[in-house]
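Trainee: I should like to understand how the terms used for a structure are justified. May we go through some of them in turn?

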Amino acid sequence: MSHSNAPLDGITVLDFTHALAGPYCTMLMAAYGAEVIKVESPEHGDIGRAWGPPFQGSDAAYFVGLNSGKKSLAIDLKCPDGLDICRQLAAKADIVIENFRPGTMNRLGLDYATLSAANARLIYVAISGYGQTGPRRHEPAMDLIVQASSGLMSITGTPAGETVRTGHSVADVTAGLFALIGALMALEARHRTNRGQFVDVSMMDGLLSTMVSSFARYLASGAIPAPLGTAFDSIVPYRNFACADREITVAAASGKLWKGFCEALGRMDLTDHPDYASNPLRVRNRRALEPILEEIFRARPAEHWLEALSRRGVPCTLVRNLKEVMDDEHTRARNMTPVVEHAEAGPISVIGVPVQLSDTPGRIAGAAPLLGADTEAVLAGLRAAAP
């Protein structure tokens, strides 16, 4: 549902994605003005529609949260007529995006080579677990699998060695963001070449790229990092601390912040202590220092420490739950919880746009569509445009 004066106004996206990575990418495209036509099976639609409870109307909240502002076109890709309709739409689209396993779109005759032959300006974005090339390209992958396969899970967990999945699907979301970046770069290149291109995005590549600092330290030292809970292996103090009532997070990542941190704790003797005076010393002597700090924090409630640390400019926060985040005045001030009208559930809150543009702003233009809600309108537009 494009809106005028948005950066992607006039861009048409034919969306063959499902689950999380692809829908997240195309939801952002819709929020910044693109017309996103989501192609779904008439039988069950995007698999995310069933990933509940909770549900909002007949669809899972998971799906509703990831598909704002799109149109739903219910088309049977097992039917020749359905495939022909998709080819006609692709011939007029700016971007096609899919996140099937490599080879699936080739078998359907909806691959880049086929579609670009009829539309040289077409940008074709393919998201997969391991990419379109390489010996693992055909392996099935979901977020959990890629978190383990990429090495991320090996550094996410407790110091006791228990590895855990990150609390959010970072491999999927990262792939969605890189897909958006790739599409935008291809659009910019098209301004110069008047041609589209194929954009190959891998969940695995995305996580490796975002883990660059971890891999840089490994490549430089050869030391394989282990999980440290909320701590960081090259900065101390940089972690959660349990207070008398709840946890806070503190990041004293410079000499100036370390001094302010010690002042807030009433332990100026630690500032120039020969074992803790610099960050390399604090990292080296972490096992001696952190128990001292833990005991200090446990003596008082979180609000006491937050006030003392904030007054000295030391970055800190409560470890908040989702309700606290949604109830925060700052969240509302940034318009990150807009209300839209859903066809079945009525007014619902959704997450707003993450990039604030001064002249061509984005916005959530509507709720997620019901399955097939826009089929007749899309097909009518296709017939009207036929020669």
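Mentor: Let us begin with a definition: a salt bridge is a side-chain nitrogen of Lys or Arg within 4 Å of a carboxyl oxygen of Asp or Glu. Please bear in mind that this model is predicted.

Trainee: What makes the contact of arginine 239 and glutamate 294 a salt bridge?

Mentor: Their side chains meet at 2.8 Å, N to O. The cut-off is 4 Å, so the pair qualifies as a salt bridge. Arginine 239 lies in strand 9 and glutamate 294 in helix 12 (residues 286-298), 55 residues apart, and the pair thus links distant parts of the chain.

Trainee: Why is arginine 239 called buried, and why is glutamate 294 called partly exposed?

Mentor: Arginine 239 has a relative accessible area of 13%; buried means under 20%, so the term applies to arginine 239. Glutamate 294 has 25%, and partly exposed covers the range between 20% and 50%, so glutamate 294 is partly exposed.

Trainee: How do you know that glutamate 263 and arginine 312 form a salt bridge?

Mentor: The closest N and O atoms of glutamate 263 and arginine 312 are 3.5 Å apart, which is within the 4 Å limit. This pair also links distant parts of the chain: glutamate 263 belongs to helix 10 (residues 255-265), while arginine 312 is in the loop between helix 13 and strand 11, 49 residues apart. Both are partly exposed, with relative accessible areas of 32% for glutamate 263 and 28% for arginine 312.

Trainee: Why are glutamate 290 and arginine 286 separated by about one helical turn?

Mentor: They are four residues apart in helix 12, and therefore about one helical turn separates them. The closest N and O atoms of this salt bridge are 3.4 Å apart, and both residues are buried. Arg239, Arg286, Glu290 and Glu294 are linked in a network of salt bridges.

Trainee: What makes strand 9 and strand 11 edge strands of the open sheet?

Mentor: The sheet has three strands in the order 9-10-11, with antiparallel pairing. Strand 9 (238-242) and strand 11 (316-318) each have a single partner strand, so one side of each is left without a neighbour in the sheet.

Trainee: How do you know that strand 10 and strand 11 are paired?

Mentor: Three bridges join strand 10 (residues 247-251) to strand 11, and pairing requires at least two, so the two strands are paired. Valine 250, for instance, has cysteine 316 in strand 11 as its bridge partner. Helix 13 (residues 302-311) packs on the sheet, touching strand 10 and strand 11.

How values were computed
Residues numbered from 1 in each chain as written. Predicted model: local features only at pLDDT ≥ 70, side-chain atom pairs only at ≥ 80, totals over all residues. Heavy atoms only, no water. Contact = heavy atoms within 4.5 Å. Axes fitted to C-alpha atoms, helices over the stretch in contact; angles between N-to-C directions. Buried < 20%, exposed > 50% of the residue type's maximum accessible area, 1.4 Å probe, protein only.
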